[in-house]
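Q: Hi! I have a new structure open and could use a friendly walk through it. Can we go step by step?

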Amino acid sequence: MTIRLQNYDHYKTNWVTRFAPSPTGALHLGHVASALFGRRFARPAGQWLVRMEDIDPQRCKPTYAQAILEDLRWLGLVHDGPVLYQSTRMAEYGGALDRLEHMGLLYPCFCTRSEIMRESAAMFSAPHTAPDGSLLYPGRCRHLDAQERLRRMEAGDPYVLRLDMARAVAQARRAQTNSRRAWPLTYHDLACGTVTCQPELFGDVVLARRDVPASYHLCVTYDDAAQGVTLVTRGEDLRPATSLHRLLQTLLGLPVPAYAFHPLLCDATGRRLAKRDGALSVRAMREQGLSAAQICHKALFEGAASQDNPLG
């Protein structure tokens with residue numbers, strides 16, 4: 001799989017990258033393409049790490065995680081260092097949430113999804129969505145006073161913790177100004193250079209739930225820093241979320257990696273390969289007689305074919 005690396009330092013050979021699957025099913029061809037994409041930047045002098053993003057106790061299973069690691073070994077994709085499991089790091093995420101709360105940037109939200117949809121529909125002609133497709137929160141619970149919040153929490157009303165986006169952006173801007181850094185926030189994309197961030201388009205995102213004590217956005221941002229990742233490689237579908245992650249990096253004082261995005265592998269109908277849609281697993285292809293080299297080649301070939309402008 002290739003991308004146009006117009007802003008890529010070809011002499012840099014010590015990138016630290018990571019492959020971070022969620023163990024909710026078997027490894028499939030799209031995963032292999034993603035793993036190979038990140039691994040090539042880490043060779044010959046860098047590190048290619050593996051992280052299990054298993055924060056969802058309902059969908060993530062240890063048997064899936066074990067199978068994914070076995071498939072990676074069979075494919076010859078040997079990671080550097082120990083595997084990091086997010087499910088063991090809830091105390092660290094809790095500490096990050098505490099820091100945001102002390103800044104006055106979090107608030108409890110008691111609204112159900114159906115309530116949010118009704119309120120959003122009443123405010124607009126159609127429910128507004130964030131860049132990742134999630135429903136944009138209208139902000140009802142943001143205006144509850146401290147006494148009402150405490151009363152409802154003590155009553156046992158279920159709630160999530162949301163980031164007050166307006167306050168968070170203002171706080172990040174002050175931090176950039178105080179450190180004499182430019183505003184707005186940006187990140188470096190190896191393919192197209194400097195990209196301007198727009199985290200405000202996500203509205204008041206959820207950073208923690210009762211069943212999942214920390215969100216994907218918080219965990220992935222925190223762990224990339226904790227693991228010393230210098231180049232985040234991810235699918236094009238996560239490009240918009242990078243703006244939100246840059247905001248969290250600034251608020252938490254975390255280092256800023258570079259980014260490289262790869263196209264998503266699709267099936268014959270143009271739909272993204274996904275476990276929930278029955279994408280053919282590495283294990284199934286192996287049982288059909290395909291070798292590890294053939295599967296890796298297939299992943300690279302289909303990844304290149306999915307691009308409009310592959311690098312020659």
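A: Happy to. One definition before we start: accessible areas here come from the Shrake-Rupley method with a 1.4 Å probe. Also keep in mind that this is a predicted model.

Q: Good to know. How much surface does the protein expose, then?
A: About 15,600 Å², and carbon and sulfur atoms supply 51% of it.

Q: And what share of the residues counts as buried?
A: Of the 312 residues, 46% count as buried.

Q: What is it built from, in helices and strands?
A: The protein has ten helices and ten strands. Among contacts with a separation of 6 or more, 80% are between residues 24 or more positions apart.

Q: Let's look at sheets. What is the order in the sheet with parallel pairing?
A: The order is β1-β2-β3, in an open sheet of three strands. Its edge strands are β1 (16-19) and β3 (84-85), each of which pairs on one side only.

Q: How many bridges join β2 to β3?
A: Two bridges join β2, residues 47-52, to β3. As one pair you can look up, Arg51 has Leu84 in β3 as its bridge partner.

Q: Which strands does α1 lie across?
A: Helix α1, residues 29-41, lies across β1 and β2, and runs at about 170 degrees to β1. Helix α7 also deserves a look here: α7 lies across β1, β2 and β3, at about 145 degrees to β2.

Q: What about the sheet with antiparallel pairing, what's the order there?
A: That open sheet of three strands goes β4-β5-β8. The edges are β4 (106-109) and β8 (206-208), each pairing on one side only. From one strand to the next, the twist averages 45 degrees.

Q: How many bridges do β5 and β8 pair over?
A: Two, with β5 covering residues 160-163. Arg162 has Val206 in β8 as its bridge partner.

Q: Changing topic: which residues touch the most other members in the largest nonpolar core?
A: Leu100, Leu163, Leu207, Leu218 and Leu247, in a core of 36 residues. The elements that give two or more residues to this core are α3 (90-102), α6 (165-178), β8, α7 (216-226), α8 (241-252) and β10 (258-262). Helix α8 gives the most, with six residues. Apart from this core lies another, of 25 residues, among them Leu27, Leu29, Leu75 and Leu77.

Q: Can you zoom in on Leu207? What does Leu207 touch?
A: Leaving aside residues up to four places away in sequence, the residues Leu207 touches include Leu97, Leu100, Leu106, Leu161 and Leu163. Pro213, Ala214, Ser215, Leu218 and Leu248 are also touched by Leu207.

Q: Back to α8. Why is α8 said to be largely enclosed by the rest of the structure?
A: Because twelve of its twelve residues are buried. Buried means under 20% relative accessible area. The buried residues of α8 include Ala241, Thr242, His245, Arg246 and Gln249, as well as Leu244, Leu247 and Leu248.

Q: What should α8 span, at 1.5 Å a residue?
A: The twelve residues should span 16 Å, and the end C-alpha atoms are 17 Å apart, which agrees. Just after α8, Gly253 takes a positive phi of about 65 degrees.

Q: Which residues of α8 does Thr221 touch, buried or not?
A: Thr221 touches His245, Leu248 and Gln249, which are buried residues in α8, and Thr221 touches Leu254 too. Thr221 has its place in helix α7 and is buried, with a relative accessible area of 4%.

Q: And Arg113, buried or exposed?
A: Arg113 is exposed, with a relative accessible area of 58%. Its place is in helix α4, residues 113-123. The C-alpha atoms of Arg113 and Tyr137 are separated by 9.4 Å, with the two residues 24 apart along the chain.

Q: One last strand: why is β9 largely enclosed?
A: Five of the five residues of β9, residues 231-235, are buried, so this strand is largely enclosed by the rest of the structure.

Q: Which way do the residues of β9 point?
A: Leu231, Thr233 and Gly235 point one way, while Val232 and Arg234 point the other way. In a regular strand the side chains alternate between the two faces of the sheet.

Q: How does β9 run against β10?
A: β9 and β10 run parallel, joined by five bridges. Within β10, Phe261 stands opposite Arg234.

Key
Residues are numbered from 1 along each chain as its sequence is written. This is a predicted model: local features need pLDDT of at least 70, side-chain atom pairs count only at pLDDT 80 or more; totals for chains, interfaces and linings use all residues. Side-chain values use heavy atoms; hydrogens and water are left out. Two strands pair if DSSP finds at least two bridges between them. Helices (H or I, at least four residues) and strands (E, at least two) are DSSP runs, numbered from the N terminus. Axes are lines fitted to C-alpha atoms, for helices over the stretch in contact, and angles run from 0 to 180 degrees between N-to-C directions. Buried means under 20% relative accessible area, exposed over 50%, partly exposed in between (1.4 Å probe, protein chains only). Contact means heavy atoms within 4.5 Å. A nonpolar core is a set of buried Ala, Val, Leu, Ile, Met, Phe, Trp, Tyr and Cys residues joined through side-chain atoms within 4.5 Å. The expected span of a helix is 1.5 Å times one less than its number of residues.
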